Structures are given as C-alpha cells and as structure tokens.
Amino acid sequence: MDFRFNGMRPYRRNSFASVTGMIVDMVPTKIGNRRANGCMIFATVEDTDGNTVNFIITPSTYVVDFETLSVGMNCIFFYRTDAPVPLIYPPQYNAVVIAQEKNGRMVDVSYYNTALVNEDQTLQLNMDNTVNLRTTNNQYYQGSPANHNLVVVYDTSTRSIPAQTTPRQVVVLCD
C-alpha cells in the first residue's frame, strides 16, 4: 500500500480512477497468445474533452446492473491506478467496473475503511437493512463491507464533509 502523510495521520492513495465518455467502438480482442474468442472486448471511449482512451473489458469486469454495453452509450469506466499499463497513446487500461451514466445515479468505486469512509474521504456510507449488499456475481454478501474495495451506487448524499449516503446498492469487489 502507498501511504502518504497528511497532517497527523497517514492515508491511502486512491486505488481507482475513472474516465467518463461515450463508447465509439467495441471489438473482440486477445491478450498475449490467446485468440480473440469474444470473451474479451477492446472498447474505445471518447471522453468529454474529445480525448480517446482504450479499455480492455474482461469476464471479470463488473458492469453495474449487468447492463449490455453498446456503441453510443455514455459510461464511466473505472480502472486500478496501481495496475501496470503499456506506455502508449492513446492510453489503455483494464476496466474493473463500468457503469452507464444515468440521471440521478452516482457510482463510487473505492476502498472503504472500518468507518465505511472511502479512500479520498469524500463519502461515508450509512448502512441499514434496505441496502442491497452483493458480490460481483450477484450473490448476497454475508460479511461486513468494511475494509474492502466497494462499488457504491447511490442517488442522494448530504453536503457534509465527508458526504453521507444510504446507498441503493453496494457490491463487494472480492479479491
């Protein structure tokens, strides 16, 4: 883990970053010696500034609400900042989580500590029995979501620091 010093307490550097944009192309791809068999997809995304970013979508990529992706969709692509990437242009990342942009729906992918606060300390979860707590294969998660990488889907939050929300859905990214 990369810890940096912030005043009197260390904090974790955010492990996830995102790109928001429109999918402009999707083609089956291969990695290494594997054949292009349709299980992995190479997606080209044009972000809101007109920049191109490529993503590899694998069977382990979690797609929020299990939506079918297609060319023309506006989506948020999350990737790990600590994963190796080729030094090429346009940049190419392995997609960890993808969410279609929808009005009123917000998605956060981050590590949440024991107090259920995310890495950059901008969102705190208030968990109650209405929260849909799942794994990436849509099974009920039986443990505590604290100290895990989470996909948090929510509609509203407070204006406090950190913002607080009772999420609609929490998906645990089991390692």
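User: What makes β6 and β9 count as paired strands in this predicted model?

Analyst: Two bridges join β6 to β9, and at least two bridges is what a pair needs, so β6 and β9 make the cut. The two strands run parallel. You can pick out one of the bridges yourself: V63 has I98 as its bridge partner in β9.

User: Where does that pair sit in the sheet?

Analyst: The sheet has seven strands in the order β6-β9-β7-β3-β4-β5-β8. It's an open sheet, and the pairing is mixed.

User: Why are β6 and β8 called edge strands?

Analyst: Because each of them pairs on one side only, β6 (62–63) and β8 (92–94) are the edge strands.

User: How do you know that β7 and β9 are paired, and which way do they run?

Analyst: Count the bridges again. Four of them join β7 (residues 74–80) to β9 (residues 97–100), and the requirement is at least two, so this is a pair. These strands run antiparallel. For landmarks, F78 has V97 as its bridge partner in β9, and F77 stands opposite I98. I98 is also the bridge partner of V63.

User: Okay, on to charges. Why is the contact between R105 and D65 called a salt bridge?

Analyst: The side chains meet at 2.7 Å, N to O. The limit is 4 Å between a side-chain nitrogen of Lys or Arg and a carboxyl oxygen of Asp or Glu, so R105 and D65 qualify. The same two side chains are also joined by a polar contact of 2.7 Å, where the limit is 3.5 Å.

User: What does the R105 to D65 salt bridge tie together?

Analyst: R105 lies in the loop between β9 and β10 (106–112), and D65 lies in the loop between β6 and β7. So the pair links parts that are 40 residues apart in sequence.

User: What about E67 and R105, at 3.7 Å? What makes that a salt bridge?

Analyst: Same test: 3.7 Å, N to O, is still within 4 Å, so E67 and R105 get the label too. E67 lies in the loop between β6 and β7 and R105 in the loop between β9 and β10, so this pair ties together parts 38 residues apart in sequence.

User: Are R105, E67 and D65 buried or partly exposed, and how do you know?

Analyst: Under 20% relative accessible area is buried, over 50% is exposed, and partly exposed falls in between. R105 comes in at 10%, so R105 is buried. E67 is at 16%, so E67 counts as buried as well. D65, at 32%, lands in the middle band, so D65 is partly exposed.

User: Which residues does R105 touch?

Analyst: Leaving out residues up to four places away in sequence, R105 touches V64, D65, E67, A99, Q100, V153, Y154, D155 and R168.

User: What about D82 and R80? Why is that one a salt bridge, and are the two residues buried or partly exposed?

Analyst: Their side chains meet at 2.9 Å, N to O, which is within the 4 Å limit, so D82 and R80 form a salt bridge. D82 has 45% relative accessibility and counts as partly exposed. R80 has a relative accessible area of 24%, so R80 is partly exposed too.

User: How many salt bridges are there in the whole structure, and which residues join into one network?

Analyst: The search finds five. Salt bridges that share partners join D65, E67, K102 and R105 into one network.

User: What makes β13 largely enclosed?

Analyst: Six of the seven residues of β13 (residues 148–154) are buried, so the strand is largely enclosed by the rest of the structure. β13 also has pairing partners. With β10 there are seven bridges in the antiparallel sense, and V107 stands opposite V153. With β15 (residues 169–172) there are four bridges, again antiparallel, and L150 has V172 as its bridge partner.

User: What does the secondary structure of the chain come to, and how much of the chain is buried?

Analyst: Zero helices and 15 strands. Of the 175 residues, 41% count as buried, meaning under 20% relative accessible area. The accessible surface comes to about 10200 Å², with 50% of that belonging to carbon and sulfur atoms.

How values were computed. Residues numbered from 1 in each chain as written. Predicted model: local features only at pLDDT ≥ 70, side-chain atom pairs only at ≥ 80, totals over all residues. Heavy atoms only, no water. Buried < 20%, exposed > 50% of the residue type's maximum accessible area, 1.4 Å probe, protein only. Polar contact = N/O pair within 3.5 Å; in protein donor to acceptor, adjacent residues only side chain to side chain. Contact = heavy atoms within 4.5 Å. Areas by Shrake-Rupley, 256 points an atom, 1.4 Å probe, with all protein chains shown as cover.
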